[in-house]
Amino acid sequence: MEFSGIGKQSSGKIDGVVTIKGGVYDDLDIDGVCTVEGDLETQQLKINGVCTCHGSIAATDFSCDGVLTVHGNVCVTAIDIDGVVTINGGKLEADKIVCDGVLTTEGEISADVIKANGKISAREIVGDDVTIKSYWSNGFTKLLFKITEKTGFRFSQIDLIEATTVDLRGVRAKVVNGRNVTIGKNCEIGRVDCSGQLKIDASAIVREITGEYTMS
Amino acid sequence: MEEISKKELLAETGISYGQLYRWKREGLIPEEWFVKRSSFTGQETFFPRERILERVKAILAMKDGWSLEEIRRELVGEEDSALEGLIREAIGAVIRDGESSAQAIVFETNDGKHYMLLTKDGRVLADGNVKALAVLSEKAVRERIKAFGETNKR
C-alpha cells in the first residue's frame, strides 16, 4: 500500500509493511512497519508499530508506543513516549514532553515541560520545568537492573540540563543549571549552578556547586 | 562586537531559562545569536550584547498584550519575508522544470502563515504551514516542493 505525498490527506491508517513518501495529514495512525521517505506533517500522530522517518516530523499531538527512528527534527506541541524514540542528527522541540519509555538523541531537547519517568539520553535538555526520575526501584525491576547495573542502563545520561525548575533522580549529567534545583537519589552530577533553592539528596554525588543559592 | 554570557543575561534582565528557550523555539531570538565558547568554567553560551538586550527588552514590553506569534511577526518580519521568498523561488523552479503553470499563495490566518500551491484551474498541489516549513531545513523545503512538482508532471 502506498500513499503519495500530494496535497493534504485527511486521515490515514497504516498497517502491514509500508513505505510512504511523507506529506501533510490531519491524523495518521501507524501500526505495522512503516518507512517515511520525507517529511511528515500531521495534527494527530500515533505510532504503535515500528517506524523510520528519513525526514522531519511536525505534529500537534504525537504519541509513540512503538519504536520510532527519525533522521531529522521533531517539532510538536505535545509528545507522549511509552515506546522507544531515537532522533538522529536533529532536535526535539515541544511545549510538553512526557516520556515513560526511552528517548535517545545526540542533539538538543527543548520544551516548556518535560516529565520523564523513563530513560533519556541527550546532549542537552533545556526548558522551563524539567523532571527526570529514572532509576526505578520496585521489586521486579530491582532484580532486572541488578543484572544491568554495570552498564548504567537505568540512569538517564545528559551532558547539560538547563531549566527554570529542575528535579532529578537517577540522572548522570555533566552540568545542571537552574533557578530551583533538586538533585535526588542516585544522581551523579559534575557541576550544579543554582540561583534559587537547591536541594541535594544524601545519596547524590555532586562534584561542584556554583551560583547564589539557598540550600534547603 | 561586545558579548554577554547567558548567565549575565538572565541576571541582568530577570528572565528565566524557560522564557529564553521558549522565545528561541518561537523564533523570537535567532539561533545564530547563541554562540558557544569554551571558557575556564567549561562551555558557555554568549550573545551579541546590544542586540540581545534590545530584543529581550522589546519582547518583555510586548508580551502582555501580544501573542508570541504576533511579536515574532513584528520583530522578526524580515526573516519571514526571506522564508516567503524561498518558497516562491522553489515553486518557481518547479514551474520552470515541470513546464506547468502554478501559483504560490502565502497567506496569514490566526494560526499563522500558510502556503498553497495552486494550478491554473484551482487544483491544490500542496499546502501547509509556513512555521512547519521553517522547522524543516531549507533543503527539505526545496525537495518537498520539488516532489510535489514531479508528482504533478505524472
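A residue counts as buried here when its relative accessible area is under 20%. That cut-off matters below, in a model that is predicted.

Start with chain B. Seven helices and six strands make up its secondary structure. Read from the N terminus, the order is β-α-α-β-β-α-α-α-β-β-β-α-α. The chain has 154 residues, and 44% of them count as buried. About 8,600 Å² of chain B is exposed, with carbon and sulfur atoms supplying 48% of that area. Now take the contacts in chain B with a separation of 6 or more: residues 24 or more positions apart account for 45% of them.

Next, the aromatic rings. Over all chains, the structure holds two aromatic pairs. One of them joins B:F34 and B:F47. The geometry is edge-to-face, with 4.7 Å centre to centre and 70° between the planes. An angle over 60 degrees is what earns that label, so this pair qualifies. Where do the two residues sit? B:F34 belongs to the loop between α2 (17-25) and β2 (35-39) of chain B, while B:F47 is in strand β3 (residues 42-48) of chain B. The pair therefore ties together parts that are 13 residues apart in sequence. By the cut-off above, both B:F34 and B:F47 are buried.

The two rings have company. B:Y21 joins B:F34 and B:F47 in one aromatic cluster. B:F34 also has a charged neighbour: B:K24 lies over its face, at 4.4 Å from the ring centre. Chain A offers a similar arrangement with an arginine. There, A:R172 lies over the face of A:F155, at 4.1 Å from the ring centre.

Turn now to the nonpolar cores. In soluble globular proteins, nonpolar side chains tend to be buried together. The largest core here has 55 residues. Which of them touch the most other members? They are A:F62, A:I132, A:I161, A:L168 and A:V176. Domain 1 (1-90) and domain 2 (111-216) of chain A both contribute residues, so this core lies between the two domains.

A second, separate core has 19 residues. Among them are B:I4, B:Y17, B:F47 and B:I71. B:F47 thus appears in this core and in the aromatic cluster as well.

Back in chain A, A:L168 is worth a look. Set aside its neighbours within four places in sequence. A:L168 is then in contact with A:I132, A:I161 and A:V176, each of which is also named among the core residues that touch the most other members. Its further contacts are A:T182, A:I183, A:G184, A:C187 and A:I189.

Conventions:
Residues numbered from 1 in each chain as written. Chains lettered and ligands numbered in written order. Predicted model: local features only at pLDDT ≥ 70, side-chain atom pairs only at ≥ 80, totals over all residues. Heavy atoms only, no water. Phe/Tyr/Trp six-rings, centres within 6.5 Å; stacked < 30°, edge-to-face > 60°. Helix = DSSP H or I, 4+ residues; strand = E, 2+ residues; numbered from the N terminus. Buried < 20%, exposed > 50% of the residue type's maximum accessible area, 1.4 Å probe, protein only. Lys NZ or Arg CZ within 6 Å of the ring centre and 35° of its normal. Core = buried A, V, L, I, M, F, W, Y, C linked by side-chain atoms within 4.5 Å. Domains from an automatic or database assignment. Contact = heavy atoms within 4.5 Å. Areas by Shrake-Rupley, 256 points an atom, 1.4 Å probe, with all protein chains shown as cover.
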